[in-house]
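Please work through the exercises below with the sequence and the coordinates open beside you. Each task is followed by a solution that goes step by step.

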Amino acid sequence: MLEFLKRLFNPEPSSVTARERLRLVLLSDHLALAPDVVESLKTDLIAVISKYVDVDAAHCDVTFEQQESVVAMLANIPILGMKPPARTARPAAPPLVDPAPASAAVAAEPKPRRRRRRRTNVNAAAVHG
Amino acid sequence: MHELREEPLAAPLPAQRGRCIVVTSGKGGVGKTTTTANVGVALAASGARVVLIDADVGLRNLDIVLGLEARVRHHVLDVLEGHAELDAALVSHKRLPSLKLLAASQTREKDDVDIAAFRGLVDQLRGRFDYVLIDCPAGIEKGFQTAIAGADEAIVVCTPEVSAVRDADRVVGLLGERVKITLIVNRLRPSLVRRGKMLSVDDVNAILRLPLLGVIADEPGVIVSTNKGEPIALDAASPTGDAYRKIAGRIVGTDTSQPEIPREATFLGKLFGGQR
């Protein structure tokens with residue numbers, strides 16, 4: 001009876017939970033195992049951000065962390081100063097408020113599962129190769 | 001090495017060198033030893049010359065599962081260190097003379113095994129047997145590296161659990177592209193899968209993406225057969241034994257059927273067909 005009620009109020013079978021946990025743990029395993037991928041991601045990130053602000057490239061840090069329901073990318077990119085406005089070609093460049101080292105946590109949203117799976121596999125290929 | 005004397009070993013050399021397959025998983029307790037024993041038995045029953053090497057030095061168990069523990073006189077380190085001749089260390093199976101066991105050393109450590117010497121031993125055995133099956137220790141340390149050193153094929157054994165799949169994924173990465181890898185999903189409980197309480201074979205292989213060699217049900221017969229030291233692959237009436245025989249057929253290449261997902265034993269089947 002209790003089992004029946006539990007099932008009524010918690011309809012998600014535990015295999016779904018297992019699948020989800022497995023997906024997350026492997027995503028984070030593969031990211032941790034592929035330092036070259038993380039390194040080139042970091043280089044690209046710095047390149048993009050450097051178009052708008054001067055960053056301290058030597059002290060940038062990009063890590064991945066498994067949180068409750070997502071794997072989050074945490075980028076710690078110290079900003080040294082603003083670029084002169086004339087060099088910022090795009091008028092829509094967002095103004096920077098805090099000149100101190102900014103932390104950005106970009107969490108991958110849980111919705112588009114298929115896309116992320118594929119990304120995991122890219123990493124898997126990199127790791128296995 | 002000694003001259004070939006005894007009849008099964010003095011049989012004509014294989015036309016081509018034997019295949020070396022390592023049975024591995026990363027995680028412990030998923031059924032590597034049971035798998036090695038049963039696949040070895042099924043291969044030998046199909047007529048192949050098979051040698052099983054227990055590479056789990058310090059935790060010797062393959063002899064128990066095969067029911068050969070009383071016959072073991074020498075072990076793999078005796079051979080590698082020159083204390084025993086290879087022929088003296090190979091133990092013949094009671095019912096299948098073409099199946100030999102090279103037991104692990106119980107009182108030594110995995111680190112005592114020299115990788116180059118082990119690879120040399122495997123190489124030597126491949127000249128005399130059709131199949132060299134290696135029961136790999138759990139873990140990914142030196143014992144694992146030694147066990148996989150001479151193999152060009154691997155069977156990854158994985159149970160439908162998050163931890164086992166994670167470890168299997170790691171092992172697949174470590175095996176690299178040199179090794180041809182296939183998958184056995186072990187200890188599947190079809191009724192749990194149906195009720196959504198266990199990962200399915202597809203769930204497991206969506207992650208591992210390996211050619212599926214077979215699926216083995218979690219059933220009492222496997223435990224009973226281990227108790228007796230008679231691998232279930234010897235039981236002609238057992239569906240699980242049949243699954244192992246089909247796995248052997250797929251390895252040899254004579255069975256091209258897709259692996260079946262085990263079905264639940266029926267009530268009547270349980271009543272009349274059960275092993276004790």
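Two strands count as paired if DSSP finds at least two bridges between them. The model is a predicted one, and the values in the solutions are computed from it.

**Exercise 1. Chain A and its hairpin**

Task: Describe the make-up of chain A, and state which residue of β3(A) is the bridge partner of A:T63.

Solution. Begin with the inventory: chain A holds 4 helices and 5 strands, and from the N terminus on these elements follow one another as α-α-α-β-β-β-β-β-α. Next, look at strand β2 (residues 61–66) of chain A and strand β3 (residues 71–77) of chain A, which run antiparallel and are joined by 6 bridges. Within this pair, A:T63 has A:L74 as its bridge partner, and the connection from β2(A) to β3(A) is a hairpin through 4 residues. Finally, turn to burial and contacts: of the 129 residues in chain A, 9% are buried, while 64% of the contacts between residues at least 6 apart in sequence join residues at least 24 apart.

**Exercise 2. Where the chains touch**

Task: Work out which element gives the most to the side of chain A that touches chain B.

Solution. The contact as a whole involves 15 residues of chain A and 14 residues of chain B. On the side of chain A, the elements that give two or more residues are α2 (14–33) and α4 (113–128), and α2(A) gives the most, with 11 residues. Sorted by class, this side of chain A has 8 nonpolar, 4 polar and 3 charged residues.

**Exercise 3. The sheet of chain B and two helices packed on it**

Task: Give the order of the strands in the open sheet of chain B, and then describe how α8(B) and α10(B) lie on the sheet and against each other.

Solution. The sheet has 8 strands in the order β3-β4-β2-β5-β1-β6-β7-β8, with mixed pairing. At its edges stand β3 (91–92) and β8 (212–217), and because each has a single partner strand, one side of each is left without a neighbour in the sheet. Further in, strand β6 (residues 153–158) and strand β7 (residues 180–188) of chain B pair in the parallel sense over 6 bridges, and B:E153 has B:K180 as its bridge partner in β7(B).

Now place the helices. Helix α8(B) packs on the sheet and touches β1 (19–24), β6 and β7 of chain B, its direction making about 165 degrees with that of β6(B). Helix α10(B) also packs on the sheet, where it touches β6, β7 and β8 of chain B, and its direction makes about 150 degrees with that of β7(B).

As a last step, compare the helices with each other: the axes of α8 (residues 162–175) and α10 (residues 201–208) of chain B come within 10 Å and cross at roughly 35 degrees, and the crossing is right-handed. From α8(B) the contact draws on B:V165, B:A168, B:D169 and B:V172, and from α10(B) on B:V204, B:I207 and B:L208. By class, this contact has 6 nonpolar, no polar and 1 charged residues.

**Exercise 4. The nonpolar core**

Task: Name the residues that touch the most other members of the largest nonpolar core, and list the contacts of B:I134.

Solution. The largest nonpolar core has 93 residues, and those that touch the most other members are B:V50, B:V132, B:I134, B:V156 and B:C158. Helix α2 (residues 32–45) of chain B gives the most to this core, with 7 residues. If neighbours within four places in sequence are left aside, B:I134 is in contact with B:C20, B:V22, B:V23, B:I53, B:A55, B:A147 and B:A151. In soluble globular proteins, nonpolar side chains tend to be buried together.

**Exercise 5. Two arginines with positive phi**

Task: Decide for B:R187 and for B:R209 whether the residue is buried or partly exposed.

Solution. Most residues other than glycine have a negative phi. B:R187, however, has a phi near 60 degrees, and that of B:R209 is near 50 degrees. B:R187 lies in strand β7 of chain B, and it counts as buried because it has 21 C-beta neighbours inside 10 Å, the cut-off being 20 or more. B:R209 sits in the loop between α10 and β8 of chain B; with 14 other C-beta atoms within 10 Å, B:R209 is partly exposed.

Terms used
Residues numbered from 1 in each chain as written. Chains lettered and ligands numbered in written order. Predicted model: local features only at pLDDT ≥ 70, side-chain atom pairs only at ≥ 80, totals over all residues. Axes fitted to C-alpha atoms, helices over the stretch in contact; angles between N-to-C directions. Left-handed = near helix turned anticlockwise from the far one by under 90°. Contact = placed C-beta atoms within 7 Å. Nonpolar A, V, L, I, M, F, W, Y, C, P; charged D, E, K, R; others polar. Core = buried A, V, L, I, M, F, W, Y, C linked by C-beta atoms within 7 Å. Buried ≥ 20, exposed ≤ 12 C-beta atoms within 10 Å, placed from the backbone.
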